[in-house]
Each structure stands twice: as structure tokens, then as C-alpha cells.
Amino acid sequence: MSFEKLALAQPLLQALSEAGYTTPTPIQEQAIPEVLAGRDLMASAQTGTGKTAAFILPALQRLATDVRPNCRGPRVLVLAPTRELAQQVTDAATRYGKHLRAKVVSILGGMPYPLQNKLLSRPIDIMVATPGRLIDHLERGRIDLSRLEILILDEADRMLDMGFLEAVEQICAATPASRQTLMFSATFEGTVARLAQRLLKDPKRLQMTSQHVKHENIEQRLHCVDDLSHKNRLLAHLLSDTELKQAIVFTATKRDADTLADNLYAQGHSAAALHGDMAQGARNRTLTRLRGGAIRVLVATDVAARGIDVAGITHVINYDLPKFAEDYVHRIGRTGRAGASGIAVSFASPRDWANLKRIEHFTGQDISRHVIPGLEPKTTLRPDAASSRKRHGQGADSRFGAGKGGRSSSGSGGRRERGLPSGGTGRPGGAGFGARRGPSR
Ligand code: AMP
């Protein structure tokens, strides 16, 4: 199947060929004809499947084939949970729409209002927004959604997780009932399913879950870790590899991201943190430096790293395993971008056994165990090791208290006794990172 067979307009085919894309991905192959036919869509598709182009290309096609006079309100609105993801969607829309001269605007939290007001006073074809800031402008009467033709909810489950349900409903209520609605979400259960029922009309359902996304170009490795000092020695070993060009290291909390980045920087690595507590300007600067190669090691939390699309990322390191299995898929998808190969390394202590099993079940793949000579673990990853440690109230990595687990059991995963050795040297193999109570991601 080629993009020509999808009957896309010539300016789009040209942009795709310039991007080096020859074949549509499965989600593109299945979604594009449905959306072009005007159908609502309810798609389970992870990042890395090419889902952005699957919704942006047919939206651009509509702009190309049904030209309307310039107007202030957008014809297409994409809602995304985070600024980073919204930025990626904006970049994709601009890239694929460049020969159409599509007017793409992003309305994100953290941007100065006067600049946004100016953008909003001009004609707009496609608006990409985070819900909070869009609501601000809607309530001030600065955005007119009355001529909206296509509404796209990207990573809807994440938007609801972040508390945007009311905002999303308010935004939808301001759009015409005649609109076409496309909803992308890792899952369609509970609140997301109910929202889909309210917003979508006879949607086409597409399922592109883990069985379709094997991340075959990403080698996944697992290291069993005994304790924090062992973890830091393994991290130092991985970072000393010259094959590692750029890496994203994931921590469980924002404060851990800051501390680990500081410690790595102090050890001479070009390292920086990225998390949701940082001002938008600082986040953008960090991402620009990452793209330009000035940062080799980015230490990040899940929410902040969503949607990062940097071709140079050769390694993803799960310093802490994610709490939710789908976050594992999002994390490892930061490497192996655009057909390149990548390596995803996870650290797990016996305490992480149940979590690890959930991830392996979700992806349908076992993560292969690796041991580095000289850095062999003393413990093994087995269910009995984990449960016996739990029974005796001692974990190999004592930062994690009880309740580390799936979406339903663990809550926001925030305030747990950290029990880290304080006043560490900050060196791998040294005492590690200071004792603290961790805020949420
Ligand atoms: P997404 O799932 O939308 O985050 O896209 C994942 C990555 O795949 C991005 O780097 C896209 O630029 C790239 N991509 C999207 N569609 C294609 C395609 N048809 N062929 C090759 N790469 C693609």
C-alpha cells in the first residue's frame, strides 16, 4: 500500500515524500479512508504507530479539497494533554501541511497571553491546544469554535487522568454538533468509554494496541538491581558506553529527576532534567538543547517526556519502572524513532516483580534479562523473592513502599517514605541521592 492509494492530495504526497515516508503505517492505512469518508473514529493507538499523521493527513486533505474563506475560528481542533505532545502535533501539522500553507496555531499553557491573543486574532485552519489554556480563551470570548469541522482528542485517557474531563466537555459543547470527532486513547474503559459514548456518533473502532506495536526495532533489556548503589553503578556503566549517543532516563518523581540530573551533571555528563514543574520556557530550552545535541542525558518524568520525538535518542533507561504498563510503551517509544534502532534498559528490584509482570503482560513480550560482568546482582527477580521481602517489610530498593502497582491500586503514587541515604557523594556507586519525600510525577 502506498500513500497514493489513499488518494491524498498532491501537496500532501509531496510533503510525505520529503519526510521520507513511502508506506502508510497500519493505523494510517486503516484510519485515513474512514476519516476521509467523514466517519467518527475511536482508535486505540500508542505513540510510535504513526497516529499523528493518521489524523492530521485527512484533516489537511479537507483543507485542500474544501477551500473556505479565511475566518477567525479554526476548522480543525486537536486537544492534547501536554504541551510537549501538542508541540509535536503542531510540528507534524506544519510539516505535512507546508505545501498547502495551512495556518496552524498552538495554544498552550505557559505561553504569554498577549502573543496568544495576537495569534487568535488571525485566520486559523488548525488549532492544537491543551485544554486548560483553551478554556481560558473560550471563557474570555477570544476563540470562536462555531465553524469547527473536525475535533480530535489525542491521548484522551491521559487528558482525563490529568483532570481535564470537565474542560474537554466544555470545549466540545462550544463546537457544532455537526462536527466530525476523532478520539485516540490507549484504552477505552470507564470514564473514557463514557466520554466517547457522549461525543462520538457511530464511530469506526480501530484497535492498534500492543500486539501491533511490538517495537521490533527496540532492543529491550532488564537489569535486576539490588539497591540504589547498584542501580547507580549500572547507570554509570551504561552512560560510559560510546554507543549511547543520547538517552532519556526516566525517574518516578519530579524531584528525583532534578536530583539525578544534578548528580549526573556534577559527574561531568551533559545532563538536564525535564518535568512538569518547570516553566514552559525552561522546558522548551531543554528540548531545543536536546534536539541540538547539547544534552546527552535527559532525566525526565512520564508526563513531560510524552511526545518527545528526537531522532538522536539511542537509549531509554527506566531508572524507575513506570507505575502504569502503558507508560512503559510510551517511554521506550522515545527511542527507535522514524525507523532507527534503539535500546531500552529497565532497572527492577525484586519489589518490582508484580509491576514488571504487568508490563510484560501488557506488551505481550518478555523483557530479556541482562547481567553486566562485574555488576552482577546478588538478588534474583522472582515472585517469591518479592513477596518474602514484602512479608519481612524490606525491599531491595527501599524507596518503594507498599502499593506500587497498577492504575487502580496505587493512586497518584506520590508521598511515600523514600528512605534514601542522605548526603550522598552523587557518584555512581556512592551513597546516591538525598532522602526526600517524593511529589507526584
Ligand atoms: P507518532 O506515533 O505519531 O508519534 O509517530 C511516530 C514516528 O513515526 C514519528 O517520528 C513520525 O514522524 C514517524 N512516522 C509517521 N508516519 C510514518 C510513515 N508512514 N513512515 C515512516 N515514519 C512515519
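User: Which helices each supply at least two residues of the shell around the ligand?
Analyst: Keep in mind that this is a predicted model, where local features need pLDDT of at least 70, side-chain atom pairs count only at pLDDT 80 or more, and totals for chains, interfaces and linings use all residues. Residues are numbered from 1 along each chain as its sequence is written, and side-chain values use heavy atoms, with hydrogens and water left out. Helices here are DSSP runs of H or I with at least four residues, strands are E runs of at least two, and both are numbered from the N terminus. The helices that each give at least two shell residues are α3 (51-65) and α4 (83-96).

User: Which residues come nearest to the ligand?
Analyst: A residue is near the ligand if one of its heavy atoms lies within 4 Å of it. There are 16 residues around the ligand, and those that come nearest are Tyr 21, Gln 28, Gly 48, Gly 50 and Thr 52.

User: How do the shell residues divide into nonpolar, polar and charged?
Analyst: Ala, Val, Leu, Ile, Met, Phe, Trp, Tyr, Cys and Pro go in the nonpolar bin, Asp, Glu, Lys and Arg in the charged one, and the others, Gly among them, count as polar. On that scheme, the shell around the ligand splits into 4 nonpolar, 8 polar and 4 charged.

User: What is the distance from an oxygen atom of the ligand to an N or O atom in the side chain of Tyr 21?
Analyst: Polar contacts are pairs of N or O atoms within 3.5 Å; within protein, one must be able to donate a hydrogen and the other to accept it, and residues adjacent in sequence count only if both atoms are side-chain atoms. Lys 51 has a backbone N or O atom 3.3 Å from a ligand oxygen, and Thr 52 brings a side-chain N or O atom to 2.6 Å from one. For the side chain of Tyr 21, the distance to a ligand oxygen is 2.3 Å.

User: And what share of the ligand's area does the protein bury?
Analyst: Areas come from the Shrake-Rupley method with a 1.4 Å probe, and for residues only the protein chains shown count as cover. Taken alone, the ligand exposes 500 Å², and the share of that buried by the protein is 84%.

User: Back to α4: which residues does Gln 88 touch, beyond those up to four places away in sequence?
Analyst: Gln 88 is found in helix α4 and counts as buried at 15% relative accessibility, because buried means under 20% relative accessible area, exposed over 50%, and partly exposed in between (1.4 Å probe, protein chains only). Its C-alpha is 6.3 Å from that of Gly 307, although the two are 219 residues apart in sequence. Contact means heavy atoms within 4.5 Å. On that cut-off, Gln 88 touches Arg 291, Gly 307, Ile 308 and Asp 309.

User: How far is Ala 93 from Ile 56, C-alpha to C-alpha?
Analyst: Ala 93 also sits in α4 and is buried, with a relative accessible area of 0%. Leaving out residues up to four places away, Ala 93 touches Ile 56, Leu 60, Val 104 and Ile 126. Ala 93 and Ile 56 are 37 residues apart in sequence, and their C-alpha separation is 6.2 Å.

User: Which residues have the most contacts inside the largest nonpolar core?
Analyst: A nonpolar core is a set of buried Ala, Val, Leu, Ile, Met, Phe, Trp, Tyr and Cys residues joined through side-chain atoms within 4.5 Å. α3 gives the largest share of this core, 8 residues, and apart from it lies another core of 32 residues, including Leu 79 and Ile 124. The largest core has 41 residues, and those with the most contacts inside it are Leu 8 and Leu 57.

User: Is Pro 131 buried or exposed?
Analyst: Pro 131 belongs to helix α6 (residues 131-139). Beyond its neighbours within four places in sequence, Pro 131 contacts Ala 80, Met 159, Phe 164, Ala 167, Val 168 and Ile 171. At 0% relative accessibility, Pro 131 counts as buried.

User: What is the phi of Asp 202 near?
Analyst: Most residues other than glycine have a negative phi. Asp 202 lies in the loop between α9 (190-199) and β7 (204-208) and is exposed, with a relative accessible area of 59%. Its phi is positive, near 40°.
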